[in-house]
Every structure is written in C-alpha cells, then in structure tokens.
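Morning, everyone. I'll take you through cavities, the chain contact and the pockets. Have a look at the structure first.

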Amino acid sequence: MALPQLKQNATEARIAALDLPTGGWSAAARGDALARLRATGLPGARDEYWKYTRPETLTSAAPKPAVVFTPDETPLFDGIDRLKIVFVDGVFDTDASDDLSLDGVEIARLADSADIHWARDLYGTLETAGQSPVPRPLATLNTAFATDGLLIRVTGKLSKPIAIRYEHRNDKSDAMMHHVVKVEQGGDVTILENGPAAARFNQVIEVDVADGAGFHHVRAQGRDHERRAATHIFARLGAESTFKTFTLTANGVLTRNEVVVELTGDDAMAHIAGACLGDGDFHHDDTVFITHDAVNCESRQVFKKVLRNGATGVFQGKILVQPGAQKTDGYQISQSLLLDGDSQFLAKPELEIYADDVACSHGSTSGAIDDEGLFYLRARGLPRGIAEDLLTIAFIAEAVMEIDSQELQDEINSRVEAWLMRRRDQ
Amino acid sequence: MLEIKNLHVKLEEEDKQILKGVNLTVEAGKVHAIMGPNGSGKSTLSYVLSGKDGYEVTEGTATLGDVDLLGIAPEERAAAGLFLAFQYPVEILGVGNMTFLRTAVNSLRKARGQDEMSSTEFLRVVREKAKSLKIDADMLKRPVNVGFSGGEKKRNEILQMAMLEPKMCILDETDSGLDVDAMKLVADGVNALRDAGRGFLVITHYQRLLDHIKPDVVHIMSDGRIIKTGGPELALEVEHNGYSDLIEEEA
Ligand SMILES: Nc1ncnc2c1ncn2[C@@H]1O[C@H](COP(=O)(O)OP(=O)(O)O)[C@@H](O)[C@H]1O
Ligand SMILES: [Mg+2]
C-alpha cells in the first residue's frame, strides 16, 4: 500500500539529508533497512504508537540545535573500575578511550571496515524481528544510516564493566549510533552508558543473550536540557539467560526509550526498569514490548517518573504471552509522582495472553508525595524540602533496586539526590 | 513542661469533634500515662501535638516550655524538643536508616543552633545506643522500617528518640504487637532516657507496659476527655475492672 504523501515526503526528506554508508560487511543489512524504511515511512503524528509523543523533531531532516551543557560535577561512573569508551557527538574518540582489550570480550567499532563475521549475522536482524507487530521506523532508519557504534562479543565473565561515555560538544550534532552486543554461552557483561550524546540522538542497541548468559545495563541520560533522543534496545534471550536494563533520565526536552525483548528460551529472565526526573519542558516516553515465547520465564517492568512544573511522562508497555509460553510470570508497574498540578502522566499498559497457566499483573498510578511519610519525617525534624526529597528517592527506589550492583545503585542515587538538591526551595 | 489547656479538636474534613476539652500538664522528670478504650482520642491527641494535617483545633492551647506548639510546623515542634514514637512507624524504601538518622540529627542540631555532628562522632553515638537496644548493623543499614518486624520498628523508634534528645516524649501504643521480651527491651530503652529534664507521656491501652515503665501519674481518657487522674494504682484498677466502671462513674 502506498504511504500517505505527507509521510512519504517527510521520509524522503530525511533520507536525502543522510549519506548511506556503502561497501563493507553491513552493506546488505543497510540496503535492506532502507527499503523497509521506504515501505513503512517514518513515524507521523497520526500513528497510534505515537499518540502520546510527537515524533516531528525526531524525524525532521535537520535537528533542532541544543545548547551544549557543561555540568559542574564529575561524570557518573568515574569512580569505579571500568573499561572506558568515549564518543563525542556520536564519533569514537580514540585518545579519550581506554585500550579496547579485555579478557573475555572482543570490542570493535562499527565504523571500522574490517569484516566482523558474527556481527554480520546480527546487525539489523534483531531490529527487523522487533518490527512486528508494531513498526519502529526510527530504528530502521538507524540500521540503514548509523555511522558509529560498538560491536561487542562477550565470551567470558568480564572483570569490569564496559562504560560508554557520550559527550555533546556541537550544538547542532545529529548522532546516529548502533551497538551490537552478543553474549555467548557462559558470558556475562555489564554495560554502562552515560552523558548527553548529541543535540539529537538516534540509538539502537541489539543484544543477543545466549543460553545461560547474562547482560546487565545501566544507563544515565542527562543532565542536558535541550537534547532530543530516540533509543531502541532489541534483545533476544536464550534459555536460563538474564537480561537487566535500567535507565535514569534527568532532563532533556524529548526522550523516547523503546525496549523490545523476546524471551525465546525456557527459564529466562528480563527486567526492564527506568526512573526519570523531569522539570518543566520535559517529555519522556518509555515504550516497552515483551514477548514471552518459552516456558517458565519471568519479566518485570518497573518505571517511575518524577514530574514537576508541567513535565510530561508517558508509558506504553505490553506483555505478549504466546501460545505455549506456560508458567510465564509477567509483572509491570508504572507510576508517576506529580509534584504539581501542571504535570501529567499518560499510561497505556497492555496484556495479551494466549497461554492458560500464567501469572501476569500490571498497575499504573499517579500521585503526590505520601502524606504519612511526610509527617513522619517532619516529626523527626527534617525540613519539608528535605523530607520531600527523601520520599522522592523512596518513590523511585523500586526501579533503582532493579540494578544488581549496590555500587551502581549508589552512583545512580547520588545523581538523583543532586538533581533534587538543585531544586530544593530553601 | 507540656501544658495542654481545654483542647478541642475536630476533623478538618468532617464535622466530627474528637477531643472535647483535654487538660493535662506533664512536669519535667515525670512519666504520665494515658489509658483509655479504643477510639477515645489518644492517638489524635498525640498527632495534634506533633502537627499532623487533617485536624482542626477549635479551642484551647498546647505549649512546650514557652513554645506555642499549635502554631508551628511539625519540624519546628521537633526542634522545640517534642518527640512522638509512632504507633505505626512508616516504611521508607530506598533511604537507609543511618542516612535518615543522620539527616534528622543534623536537621535538629541546625534548628537548635548547634554544630553538625561529625560522621565519626555520629557513628560512635549511634552504635552505642543501637547496641543497648539490640539493633544490629544490618538494621541500621536497611531502608527505614522496611521489612522490620513489629518489635524492630518499635526499637527503631526508641533509637530515634535516644538520638534526637527530646525534652518531651510521647509514646503511642509502643507496646502494641510486642512480646514480653521485646517490650522489656523497649521499656529499658525508655527508662534509660528518664531524666530530671525530660517528660514522658505514655499512651497505652493495656496496663502491662506500665509494669516496666513506672508512671508517676495515670490519666483515663474517654470520648475525648480525661475523666479521671490518679497514681499508678489507677492503672491496676483498670486492669482488674476494665474501663466501663470508670466511664459509668463519670456519666
Ligand atoms: N483522620 C481521621 N479520620 C476519621 N476519623 C478519625 C481520624 N482520626 C481519628 N478519627 C476518629 O477519632 C476517634 C478517636 O480516634 P483515635 O485518636 O485513633 O483513638 P485511640 O487512639 O484512643 O484509639 C475515633 O472515632 C476515630 O475513628
Ligand atoms: Mg491509637
């Protein structure tokens, strides 16, 4: 079926503004993605999947500029032992990065032309699988045009996390990055990401977790204010594997984080969590789609949004249980803490179940600071502002606690506290 | 020290009078007990004194020393030296007990014009006080009251009381849900804080806590009023005859 003219025009305008990387091992996947993109078109305001979030500034031919923001604090994760990799406005920075060799892992750059056989089989594959039943054209665009990223193949349990730091230095940068992570049987990796990547950022991470393998991901987006970002994680989980991802988003005018997980092997576990802190001109959208296609798997989605001064939070989350996926344990909670009457939270939780022996639950709430807790803390002498901050930390704790490592939980909490402290009105 | 005069309180949201003229004076160094049937207004009195929302004072006064309690915020009442040990301590996920205690101690010290306690000094004091209440390092690290048993929550309240150095302590049904051993531990903690400069108001439904925390004065509350005041023997009378005789006598 032909696309509506407006959508086709917008899609072609975006394509025309980009150069398709040619040659090399990824050329076939990129060509395929371009054809798929032309068939679906980029998201438009009328698309059901974009009902709560306006896609125009994410799909326009040129990005809106975003003022470069220089935080007055040491970057997150700087204090922990890690392998550091830096990208500036979406481009790998050799000098600022550590040597990429580490026992149990091979790390290469997408922008390098060397043939990476394992990545050839994965690049664009999980993204393509994640297009059904709902198209995610920004990810398809990314597969076609991504200019840099990391190819990470994990064969053992790593002694330290791989920490990717993004830096934003050009107010008009429009970065498109694509990472591929393959965790082989017995492998276990923790990937950390932090920092503003660009004025506009389109990111895809494809994650293939083999039987018995583990993938842990902790990401912090922010604190820059004018950034726009659309990210996608596509994950495929083998039997008895573990997949855990947590995202802290502080500030940013527009963020859409999509996570698409398919549990394909029995006894696998997927936890997707996020906390966002929004103040004023802030729109944050978590869109999650989990497919249970094996027996005795567990999935948890825990999303907490702190919104003030007219900020908007969106949650679209779906659990799909395929026929035969018995003993599925699916849990989903999305909650917002509205610190004033101007802020809003829009939630669309969905369950679609085709197996009979499953336990799935979902819940969504919006509320103010807990009165009982507030009185308790104030009765102990805590000024109202400090008491409210502690209760805000308590509110997002269920999401932060999804991070396995206490050290990383503390890192995240310290940023949350600092964010709240800067806004404390006394 | 604590002086309550003709206190009338109604619910803010509905037309329901709960306290109907309470008069009570607790002197420094003394332990007063309030006993009374469920629903007589004991918790309401403790909440109104500590500044909880939802109540409206329609008449009367409450002062602590020369501070008018009813006109100030809960944290200011705490700074003035008031402490309420809650009947139902609140659970606060994600905030370590120790962090909470240190924040409370230093907030109060600041409000009282004292210097912050250094971390080493704070640790030393907390460990010492926690030890006597059999509160271990794990309980200090865990989030405030989360996953604590009933007894652990009450001991945690007493630890806070010990750390915050109040002048006037109100304990609301601190004995509820405690077995005998736990109650003894809590009572020992309270007794250790008895001091010539400090007053106590112990609210309880049963007499048994008063075996361990010996009161100087006992008040009986019924339907929003104190209907009888006496010595420790009044608690024993309630123990043997229940409240109904006293209430009938009053009516
Ligand atoms: N916030 C409230 N909302 C509705 N009723 C209340 C509230 N607080 C107290 N009450 C009512 O006031 C009366 C006294 O309650 P309370 O002070 O808890 O008594 P006690 O502690 O002596 O058992 C009861 O009838 C109770 O239902
Ligand atoms: Mg009560």
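Let's start inside chain A, with a lining sorted by class. The second largest cavity is lined by six nonpolar, six polar and two charged residues. Keep in mind that this is a predicted model. The volume of this cavity is about 70 Å³. Its lining has 14 residues, and those nearest the centre are A:Thr247, A:Ala273, A:Gly274, A:Asp286 and A:Phe303. Four strands of chain A give two or more residues each: E11 (242-250), E12 (254-263), E13 (269-279) and E14 (283-292). E13(A) gives the most, with four residues.

Now the wider search. How many cavities of 30 Å³ or more does the whole structure hold? The search finds eight. The largest has a volume of about 100 Å³. Its lining counts 14 residues. Nearest its centre are A:Tyr166, A:Gly195, A:Phe201, A:Ala220 and A:Gln221. Again, strands of chain A supply two or more residues each: E7 (188-194), E8 (200-209), E9 (214-221) and E10 (228-237). Which of them gives the most? That is E9(A), with three residues. By class, this lining has six nonpolar, five polar and three charged residues.

Next, the contact between the chains. Chain A brings 20 residues to it, and chain B brings 28. Together they bury about 2,000 Å², with 71% of that on carbon and sulfur atoms. Three residues stand out on the chain A side. A:Phe375, A:Tyr376 and A:Arg380 supply 41% of the area that chain A buries against chain B, more than any other three residues.

What about charges and polar groups? Three salt bridges cross the interface of chain A and chain B. In a salt bridge between side chains, A:Arg378 meets B:Glu75 at 2.7 Å, N to O. Nine residue pairs are in polar contact between chain A and chain B, both residues at pLDDT 80 or more. On the chain A side, helix H7 (371-379) and helix H8 (384-400) are the elements giving two or more residues. H8(A) gives the most, with eight. That side of chain A has 13 nonpolar, two polar and five charged residues.

On to the pockets. The largest pocket holds about 670 Å³ of space. It has 26 lining residues. Which residues lie nearest its centre? They are A:Glu417, B:Gly94, B:Val95, B:Gly96 and B:Thr99. Both chains supply elements here. From chain A, H8 and helix H9 (406-422) each supply at least two lining residues. From chain B, strand E7 (92-96), helix H3 (97-111) and helix H5 (137-141) do so as well. H9(A) gives the most, with seven residues. The classes are 13 nonpolar, eight polar and five charged.

Last, the second largest pocket, with about 450 Å³ of space. Its lining has 28 residues. Closest to the centre are A:Pro71, A:Asn194, A:Gly195, A:Pro196 and A:Gly222. You have met A:Gly195 already, near the centre of the largest cavity. Strand E5 (162-167), E9, E11 and H9 of chain A each supply at least two residues. H9(A) has the largest share here, with four residues. By class, the lining divides into 13 nonpolar, seven polar and eight charged residues.

One thread to take away concerns H9(A). This helix gives the most to the lining of the largest pocket, and the largest share to the second largest pocket. Thanks, that's my slot.

Terms used
Residues numbered from 1 in each chain as written. Chains lettered and ligands numbered in written order. Heavy atoms only, no water. 1 Å grid on protein atoms, 1.4 Å probe; cavity = no way out; pocket = protein on both sides within 12 Å on 5 of 7 lines; lining within 4 Å. Points joined across faces, edges and corners; volume = space filled by probe spheres on them. Nonpolar A, V, L, I, M, F, W, Y, C, P; charged D, E, K, R; others polar. Contact = heavy atoms within 4.5 Å. Buried area = accessible area lost by both parts, 1.4 Å probe. Salt bridge = Lys/Arg side-chain N within 4 Å of Asp/Glu carboxyl O. Polar contact = N/O pair within 3.5 Å; in protein donor to acceptor, adjacent residues only side chain to side chain.
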